Amino acid sequence: MKQDTRQLILIKASHNFALNGYEAFSIRTLAKEVPVVPSVIYHYFSDKDDLLKEMYLNLNKELGEKRAALPELN
């Protein structure tokens, strides 16, 4: 359950960042969308910068895995 909540936070945060941008992003708004209380999000991430960093790292890892699966070019 703990990992599911964390993943849901990351998914909803990605959507929220994409729609509204960094400046308009709000932990309180995200908490309503998940739905959890803001302290749950702060349990996993210290602030929105930490959350954004984690989103970037996850995307970078996913892209690396997809790139590794591509056939080599000669």
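Helices here (H or I, at least four residues) and strands (E, at least two) are DSSP runs, numbered from the N terminus. This is a predicted model, so local features need pLDDT of at least 70 and side-chain atom pairs count only at pLDDT 80 or more, while totals for chains, interfaces and linings use all residues. Residues are numbered from 1 along each chain as its sequence is written, and side-chain values use heavy atoms, with hydrogens and water left out.

**View 1. The whole chain, with its four helices and zero strands.** Reading from the N terminus, the elements go α-α-α-α. The radius of gyration (over C-alpha atoms) is 15 Å, well over the 11 Å that the globule rule gives for 74 residues, so the chain is more spread out than a compact globule. That rule is 2.2 Å times the number of residues to the power 0.38. Along the principal axes, the C-alpha atoms fill a box of roughly 50 × 30 × 20 Å. Buried residues are 26% of the 74; buried means under 20% relative accessible area, exposed over 50%, and partly exposed in between (1.4 Å probe, protein chains only). Take the contacts (heavy atoms within 4.5 Å) between residues at least 6 apart in sequence: 56% of them join residues at least 24 apart. The chain exposes about 5600 Å², with carbon and sulfur atoms supplying 56% of that; the areas come from the Shrake-Rupley method with a 1.4 Å probe, and for residues only the protein chains shown count as cover.

**View 2. Helix H4, residues 48–69, from end to end.** These 22 residues reach 32 Å from first C-alpha to last, close to the 32 Å expected at 1.5 Å a residue. The expected span is 1.5 Å times one less than the number of residues. Lys-48, Leu-51, Glu-54 and Met-55 are the buried ones to look for in H4. They sit on the same side of H4, because they cover an arc of only 125° around the axis, the arc being that of the directions from the helix axis to the C-beta atoms. As a reminder, an α-helix has 3.6 residues a turn, so residues three or four places apart point the same way. Turned away from the buried side is a face carrying the exposed residues Lys-53, Tyr-56, Lys-61, Arg-67 and Ala-68. At the start of H4, Asp-47 puts a side-chain oxygen within 3.2 Å of the backbone nitrogen of Asp-49.

**View 3. Leu-51 and its surroundings in helix H4.** Leu-51 counts as buried, at 0% relative accessibility. Leaving out residues up to four places away in sequence, Leu-51 touches Ile-9, Leu-10, Ala-13, Phe-25, Ile-27, Leu-30 and Phe-45. Ser-14 is 37 residues from Leu-51 in sequence, yet the two are 9.3 Å apart in space, C-alpha to C-alpha.

**View 4. Tyr-22 of helix H1 and its link to Asp-49.** The two side chains are joined by a polar contact of 2.3 Å. A polar contact is a pair of N or O atoms within 3.5 Å; within protein, one must be able to donate a hydrogen and the other to accept it, and residues adjacent in sequence count only if both atoms are side-chain atoms. Tyr-22 and Asp-49 are 27 residues apart in sequence, with their C-alpha atoms 9.1 Å apart. Beyond four places away in sequence, Tyr-22 touches Phe-17, Lys-48, Asp-49 and Leu-52. Tyr-22 is partly exposed, at 31% relative accessibility.

**View 5. Asn-16 and Leu-8, both in helix H1.** Asn-16 is buried, with 2% relative accessibility, whereas Leu-8 is partly exposed, with a relative accessible area of 32%. Setting aside residues up to four places away in sequence, Asn-16 touches Gly-21, Phe-25, Thr-29 and Glu-33. Leu-8 and Glu-33 are 25 residues apart in sequence and 9.7 Å apart from C-alpha to C-alpha.

**View 6. The cis peptide bond from Val-34 to Pro-35.** Omega is near -15° for this bond. Pro-35 has its place in the loop between helix H2 (27–33) and helix H3 (38–44). For context, most peptide bonds are trans.
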